[in-house]
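Subject: A structure for you to look at

Hello,

Here is the structure I promised to pass on. Have a look at it first, and then read my notes below.

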Amino acid sequence: MAFTASLDVVTGKFLHGKLFENVQNVAELRKEVISGRCNAALVSPNMVVGSRQLTAAACKAAHCVATNSMKTRSINTELLYWLSPTTSISNSLKHFGSLDSDTAMLVAIFSDNESSSEAETVFQLVQGDAVPLDKLSSIADTSAAEKHFQVSAKETSFSSLEDSIITRMMAKEAL
């Protein structure tokens, strides 16, 4: 149920991720991540409507690390930053980072290898049920995502919600 995505040739990075429901220890995991003892991004899946959205943000985060153009202090917070349609770092962390009260969570880990024992170690720390990534669309709050990303019903009549969201994520630099 874990997934691995090759991000691009330039950075050589891979993203390893796993979607969890019924998570009992989000607060504990957040403390581990914030302290630096756990190298992962804990993503709230509420506004992540598909895996391409996560992969697009991860590609941009890895590229920013490779080109020394990060807006945040780590690749993990850079991922959360690029998931957002705004240039506000605090807004990005607030809306896309897992909260202590969350029961669903996407765990994302960057690595230089297609297989990552570090990712498996982090996944084992989660006290919850691993679920297939295609369940992401049923976990996400699409109404909140449409509102947050300002996607109109007219737009979704000719473009998928995920495509519209990815466009806004990647275009924020140009605005």
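What percentage of the 175 residues of the chain count as buried? The value is 48%. Please keep in mind that this is a predicted model.

Let's start with the overall shape. The C-alpha trace spans about 45 × 35 × 25 Å along its principal axes. A compact globule of 175 residues would have a radius of gyration near 16 Å, and because the chain has 15 Å, the two agree.

Next, the fold. The chain contains 9 helices and 5 strands. If you walk along the sequence, you will meet them in the pattern β-β-α-β-α-α-α-β-α-β-α-α-α-α. Contacts also link distant parts of the sequence: among those between residues at least 6 apart, 74% join residues at least 24 apart.

Strand S1, residues 3–6, is a nice place to zoom in. Phe3 and Ala5 form its covered face, while Thr4 and Ser6 form the uncovered one. S1 runs antiparallel to strand S2 (residues 14–21), and 4 bridges join the two. On the covered face of S1, Ala5 stands opposite Leu15 in S2.

Finally, the surface and the charges. The chain exposes about 8700 Å², and carbon and sulfur atoms supply 50% of that area. There are 15 positive and 19 negative charges, and their mean positions lie 8 Å apart.

Enjoy exploring!

Best wishes

How values were computed. Residues are numbered from 1 along each chain as its sequence is written. This is a predicted model: local features need pLDDT of at least 70, side-chain atom pairs count only at pLDDT 80 or more; totals for chains, interfaces and linings use all residues. Side-chain values use heavy atoms; hydrogens and water are left out. Buried means under 20% relative accessible area, exposed over 50%, partly exposed in between (1.4 Å probe, protein chains only). Two strands pair if DSSP finds at least two bridges between them. The radius of gyration is taken over C-alpha atoms; the globule rule is 2.2 Å times the number of residues to the power 0.38. Contact means heavy atoms within 4.5 Å. Accessible areas come from the Shrake-Rupley method with a 1.4 Å probe; for residues, only the protein chains shown count as cover. Lys and Arg count as positive and Asp and Glu as negative; His and the chain ends are not counted. The place of a charge is taken as NZ of Lys, CZ of Arg, CG of Asp or CD of Glu.
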